[in-house]
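Biologist: Pick one part of this structure and take me through it slowly, please. I'd like to know what sits around it, and then how the chains meet.

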Amino acid sequence: MAASAIFILDLKGKVLICRNYMGNVNINEIDNFMPIMMKREEDADLSPVVIHGSTHFLWIKHSNLYLVAITKKNTNAALVYSFLYKLVEVFTEYFKSLEEESIRDNFVTVYELMDEVMDFGFPQTTDSKILLEYITQRGHKLEVGAPRPPATVTNAVSWRSEGIKYRKNEVFMDVIESVNLLVSATGSVLRSEILGCIKLKVVLSGMPELRLGLNDKVLFEITGREKSKSVELEDVKFHQCVRLSRFENDRTISFIPPDGESELMSYRLNTTVKPLIWIESVIEKFSHSRVEIKVKARSQFKSRSTANNVSILVPVPSDADSPKFKTTTGQAKWVPEKSAVEWNIKSFPGGKEFMMRAHFGLPSVESDVLEAKRPITVKFEIPYFTVSGIQVRYLKIIAKSGYQALPWVRYITQSGDYQLRTN
Amino acid sequence: MPYFGSEEMVKELKRALSNPNVQADRLRYKNYITKVIRYMTQGLDVSALFMDMVKASATVDIAQKKLVYLYMCTYASDKPDLALLAINTLRKDCADPNPMVRGLALRNMCNFRMPGMTEYIEQPIVAGLRDKASYVRRVAVLGCAKMHSLQPNTDIDGTIVNELYALLRDPDPVVVVNCLRALEEILKDEGGVVINKPIAHHLLNRMKDLDSWAQSEVLTFLLRYRPRSDDELFDILSLLDSFLQSAHAHVAVATLRLFLQLASAHPAVQADALLCTSAPLLATCGAASRELRFAGLCHVQQVMRSQPGLFGTHYKRFFCGYSEPTYIKFRKMEILVELVNDENVALVLEELRSYCTDVSPELAQAAIAAIGRIAQTYSEKCLDILTGLLALKQDHITSAVIQMFRDLVWFCPQSTAAVCQTVEACVDSPQDSEALLWLLGEHGDQISSAPYVMEGYIDGLKTELSSAVKMELLTASVKMFLCRPAETQDMLGRLLHYCIEEESDVCVRDRALLCYRLLQRGVEETRKVVTGPKSDPSMSVLTGRQEEPISQWASTFNTLGPLSGCDLCPQTAVISAADQPSSSAEKELLPESTDVTLSSPDDTEEEISLSLGPPLSHETFEKMWLDLEILQRQTMGFPRPRTALDTLQAALQLVKIQTLAFTPGATVPWKAYIYTRSTGTLILAELLQGDQHAPGIDESLVVSVKQQPVNQHAIRGFVSILKGVLQTLNVDSS
């Protein structure tokens, strides 16, 4: 991939951190970056690749920072972007949140990390778990003697160190499904997909071997249990610890888990399900006087489940004022900075329907600025429920030392990119 | 950026660093060093402290060491003599029992970019290559590349290269990949690292152990390997099969590229691979990160050049989300236009229509342009939508719609009546008047209110700023005068008067004078000059996009090329096009065609050689065709060959003439557009049979040639070669 240099800039384009990996570009090249960006932005012609002469800037933006990779080669773009995002991930793991402040406060660690993740423009060790073992933030403390390179840097099982010990051995497994939905203004479902992932929190000693059984349709077909309820998974992706060859052969998911938190697998389902929360809205705008909003929310899942912390964000014109609300349940409030009404419902049982009415005044002088048609967005969380119907049939823990370990499984369905367009 | 009072600051730091009291208190000492680095990061020149920092490198605190090394790497090239002082400490560290320290010292020593460094680092690097800790080996391997880049013009050290090749068998996967990377750098001038059979097989077997970065790079290196037999090829492909579905987009795409290249002789395998990768590609198009999403979309566009149908059923995935940046929305719209078919056209149009009212005028215009392109196939539905948009009375929307109308009338003459009707209803002077004026001038006879609209423009001429509009107005008025003289005469006079007498822009005045003199020559003469064809039906041949062969884009796949919208390495594209052997069937069909061509009797000129060169896109061809003049028109004296069109195309390809597009076999008039290159010129040509304007010779083929830059000799050569091929085909088929 050969990134010649990597920069971290603030929003004005001032260099916070720079690391010249290959020495084949002039560090001052970065001064060209911001002017080009500004010009492009004006022309509405922004793109994640910016070219200046023979230099290519590949950039991403994270909170109030730009991360920019400079390359002179015709490299693989997806790889560079993935690397930059990996960098963000590593920094976030270290500093909790990655922003200008945290970079300034931790620049020593940032330099140390950038030294390890890349050498001569090539990615080296990028796993934050491994990095955390030998680059620590003891900021002002004095270290006498260096840490040894952890076994994991060179280990055959690169994601787990040897000799981990816990008093109580447990595994927590979260099956999380997020629903992406896009509904047109006329009420037809344009896109509906389920993105699922299984997250692990492993508190286990030694080098245990885990085996996970799901109600996977392909597996059931192999074993001749077609009648049982099963799920057809698409685009299944695993953490590198899962033995792919075994999965290919007999769909067994077996692995030595990384210690602590990790994402074991992700999958996608394209099957259209009934939208879990359906919104019908009428937004009537009477120019120069008022806006009247009527929103009906219906939960379309079984009544034994309950959606928690439902938050429905309905756009209103930015110049609206003096709100009045009436709801059959929950609280509605005006959020002027988002130009929206936020209707919060703490608990929304299945098969129910609620209403919200809002009334806003409009100024008699209309602004010339055309307003975007923003969609209604919905956030929710339904515990103990998966839309796809995926189930963990078993989670076996086989440890050489033969200790007893407890597996815990939890299911959550939540909203992803859940949008309903308005007229 | 030098700060005010920065010199003071440096002095103060220098004092502190050299203060023995501070040096004794290690924590305080370290804090000062951190401060130096902080200033360095802020762009302050702290190179004056070099001596003091070198002293600070002799410490047991590894974090402090790292900081000092960072400092030294930054300023070493400015202060080479002082940097040499630090070398001793570094070399001592290279022998430290702790591998972490060894690695760190070696890495930083190699990062000193200053001349004369090689003699100091060579020995530690060689030692590092044999270190028992893989952490050090990783550093040492890349160190070889760094050493080479310090002295790029020296001879390649054979022992190091051999050692690196041997290290390809290292148990540590990162060492293996670093070896490849280093060899690639060192052997750059010799074409990079050699991937022979044992190396390729070894790498393929190690693929599973590598991390995703390494996988993706190894896949790129493997592009160089050519399997000996089909058996080997399929073994490799089945080994890599699972990587097509990798969780990492960049690995999946890199695998796809390798598949496309390895299986270039097996179209079925290529198609399978594309099908397999369509899921991960689509997933990338919906990735959380917008940059990856963008990269995914660009690659989908490339794949669609050959397999337009592959994503047809997934068109909903390309509907734009509200919060997506415009560069993603633009790409998505382009893809949607390509994906339109009979089943989804209603939904796609509905979706595009909702973008037309977006707040961003650029986006709205792009959406209208997208509808306009679909209108070339589904004109009725699109016209309804475009007409509906006019009712919104938004300036930017109206002008974009009128532009689309103009293009539509030009491409699909059958929609002229409908467009004229709509224009009639909506003509209250939009912003972009050029397109409207063109429509009025061209089809003034069908728009009853045309003269009155035109009059409005002429009356407001003094306030018009754009000279392009004025010129269009002149041409349009003259055209209008030709079809509706009574209504136009008076205002045309005023317009000409103003433009000749008062206009300051030379171009406008010249155009006005031209019009004036033309009119002096009489109406018939003017008509001959001013009225061209009202639409170009032959252009519809060009608008239907052909499926391109995969090899056309495979060489730039998974590089920056598709993202920046231009081929960054045209050289490789040329090579792949020239390398491609024409299939054996074609050769059998035309055993002696080349010979005939070159020795054909009328080829009295000395031979000219034609070459293929990089392929032209339809758009470029179309533009050049419209821009250039016809240099030669010749009747061949015989009809076109009765062979299948594929054969014709293959035969032309054999003599290095590319076919851009042709009408289906049975249509009359039959047309084909071809092009080729010869000694620095580009030759474009049209073959036409059954032209209704020349009924006498309708059975004979007419060739019209355009060229840029002009070279008569090349044209004669081209025509004779072309004639030779066509004659041969005629002989064969009869």
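Modeller: Here's one strand of chain B up close, followed by the contact between the chains.

Some ground rules: this is a predicted model, where local features need pLDDT of at least 70 and side-chain atom pairs count only at pLDDT 80 or more, while totals for chains, interfaces and linings use all residues. Residues are numbered from 1 along each chain as its sequence is written, chains are lettered from A and ligands numbered from 1 in the order in which they are written, and side-chain values use heavy atoms, leaving out hydrogens and water.

Let's go for β5 of chain B, residues 681–689. Strands here are DSSP runs of E with at least two residues, and helices are runs of H or I with at least four, both numbered from the N terminus. This strand is mostly covered, with nine of its nine residues buried; buried means under 20% relative accessible area, exposed over 50%, and partly exposed in between, using a 1.4 Å probe and protein chains only. Both faces are covered: one side has B:Thr681, B:Ile683, B:Ala685, B:Leu687 and B:Gln689, and the other has B:Leu682, B:Leu684, B:Glu686 and B:Leu688.

Now the neighbours. Two strands pair if DSSP finds at least two bridges between them. β4(B), residues 670–678, runs antiparallel to β5(B) and is joined to it by nine bridges, with B:Tyr673 partnering B:Glu686. Two residues separate these strands in their hairpin, where B:Thr679 takes a positive phi near 30 degrees. β5(B) also pairs with β6(B), residues 701–708, again antiparallel, over eight bridges, and there B:Leu687 stands opposite B:Val703.

As for how the chains meet, 80 residues of chain A are in contact with 77 of chain B, contact being heavy atoms within 4.5 Å. About 7,000 Å² is buried between them, 58% of it from carbon and sulfur atoms; that's the accessible area (1.4 Å probe) lost on putting the two parts together, summed over both. The rule finds six salt bridges across the interface, each a side-chain nitrogen of Lys or Arg within 4 Å of a carboxyl oxygen of Asp or Glu. One of them joins B:Glu351 to A:Arg421, with the closest N and O atoms 2.6 Å apart. On chain A's side, helix α2 (residues 77–95) gives the most, with eight residues.
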